[in-house]
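Reader: I should like to examine how the descriptive terms applied to a structure are justified. Please take them one at a time.

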Amino acid sequence: MDDLIREMIDPPRTTRVDPARRARLIATTVTVALAAAGVTSLTTGALFTDTQTMPSDFTTGTVDIAAVMSPTVTLGAGNMAPGDSSYGSVTVSNAGSLELRYSISLVATNDQVADLAGELDLAVYADPACAAGVEAGTAIGTDEGLPLVSTGLVGSSATGANLGDRPLGAGSTETLCFVVHLPAATTNAFQGTTADLTLTFDAEQTVNN
Ligand SMILES: [Ca+2]
């Protein structure tokens, strides 16, 4: 073996090598290479190692507003006469997991050519005592003559905190009182007519906004 290694380091100058001897030389070279690789593997395998994984979960919150009209104090009236008012108590709830702020807009339609909507006045109060006399308080939104195109009543549905927007924490509730009034000055042209009102509550997240 020593002879072979010596020949590997300093091979004889002869140009012709015995084929059997050449094969032994190659086999010895491979053996020495494998032995060197084995020493390296043994050195690497001797190190202790460890791995720790750390999972994280990400769940988004929700913005969910609910507005419910009281079944007993309900906005809307039949057989109205000039001077009458209709009261509607509405409970607004944040049913989501994020704090929200909301705004209210309204739009009206007429069932006849006569613009009864334009005769009606609307005011909204942040007052759970929703009955005659609530008008003595300060309204958070008013509209004299209900609009036939969507119009802001409280705050603004525009993104961000706008004047009049109402914040509501997750799980919180507040009660509003809507009052629709038919002025005493309403003329005979509006007898037997009908107008319909739709209120819209828009909510947005307050965090990062
Ligand atoms: Ca807004």
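Author: The questions and answers below set computed values of this predicted model against the cut-offs behind the terms.

Reader: What is the overall composition of the chain in helices and strands?

Author: The chain contains 3 helices and 9 strands. Along the sequence they follow the pattern α-α-β-β-β-α-β-β-β-β-β-β.

Reader: How much of the chain counts as buried?

Author: Of the 209 residues, 21% count as buried. As for contacts with a separation of 6 or more, 77% of them involve residues 24 or more positions apart.

Reader: Why is methionine 80 called buried or exposed?

Author: A residue is buried if 20 or more other C-beta atoms lie within 10 Å of its own. Methionine 80 has 20 C-beta neighbours inside 10 Å, and therefore counts as buried. This residue lies in the loop between β1 and β2. Its C-alpha atom is separated by 9.1 Å from that of glycine 192, which is 112 residues apart from methionine 80 along the chain.

Reader: Asparagine 79 is found in the loop between β1 and β2 as well. Why is asparagine 79 called buried or exposed?

Author: The term exposed applies at 12 or fewer neighbours. Asparagine 79 has 6 C-beta neighbours inside 10 Å, so asparagine 79 counts as exposed.

Reader: What makes the backbone of asparagine 79 notable?

Author: Its phi is positive, about 60 degrees, although asparagine 79 is not a glycine. Most residues other than glycine have a negative phi. Asparagine 208 likewise has a positive phi, near 60 degrees, and is a residue other than glycine. Asparagine 208 is placed in the segment after β9 (195-205). With 4 other C-beta atoms within 10 Å, asparagine 208 falls under the limit of 12 or fewer and is therefore exposed.

Reader: Why is serine 97 given an intermediate label, partly exposed?

Author: Exposed requires 12 or fewer neighbours and buried requires 20 or more. Serine 97 has 13 other C-beta atoms within 10 Å, so serine 97 is partly exposed. Serine 97 lies in the loop between β2 and β3.

Reader: Which residues does serine 97 touch, leaving out those up to four places away in sequence?

Author: Serine 97 touches Gly61, Thr62 and Ala170. Contact here requires C-beta atoms within 7 Å. Serine 97 and valine 63, which are 34 residues apart in sequence, are 6.6 Å apart from C-alpha to C-alpha.

Reader: How do you know that β1 and β2 are paired strands?

Author: Two strands pair if at least two bridges are found between them. Strands β1 and β2 are joined by 5 bridges and run antiparallel, so the requirement for pairing is met. Within this pair, alanine 67 stands opposite valine 92 in β2.

Reader: How many bridges support the pairing of β2 with β8, and how many join β4 to β5?

Author: Strands β2 and β8 pair in the antiparallel sense over 9 bridges. Serine 93 has threonine 173 in β8 as its bridge partner. Strand β4 (residues 121-125) is joined to β5 by 4 bridges, again antiparallel. There, aspartate 121 has glutamate 144 in β5 as its bridge partner.

Reader: What is the order of the strands in the open sheet, and what makes two of them edge strands?

Author: The open sheet has 5 strands in the order β1-β2-β8-β4-β5, with antiparallel pairing. Strands β1 and β5 (141-144) are the edge strands, as each pairs on one side only. On average, neighbouring strands of this sheet are turned by 20 degrees against each other, direction ignored.

Reader: Which residues have the most contacts inside the largest nonpolar core?

Author: This core has 32 residues, and those with the most contacts inside it are Leu120, Val124, Leu146, Cys177 and Phe178. Among the elements that each supply at least two residues of this core are β2, α3 (116-119), β4 and β8 (173-181). Leaving aside neighbours within four places in sequence, cysteine 177 has contacts that include Tyr87, Val124 and Cys130.

Reader: Why is threonine 138 called buried or exposed?

Author: Threonine 138 has 9 other C-beta atoms within 10 Å; the limit for exposed is 12 or fewer, so threonine 138 is exposed. Threonine 138 is found in the loop between β4 and β5. The C-alpha atoms of threonine 138 and valine 124 are separated by 8.9 Å, and the two residues are 14 residues apart along the chain.

Key: Residues numbered from 1 in each chain as written. Predicted model: local features only at pLDDT ≥ 70, side-chain atom pairs only at ≥ 80, totals over all residues. Axes fitted to C-alpha atoms, helices over the stretch in contact; angles between N-to-C directions. Core = buried A, V, L, I, M, F, W, Y, C linked by C-beta atoms within 7 Å. Contact = placed C-beta atoms within 7 Å.
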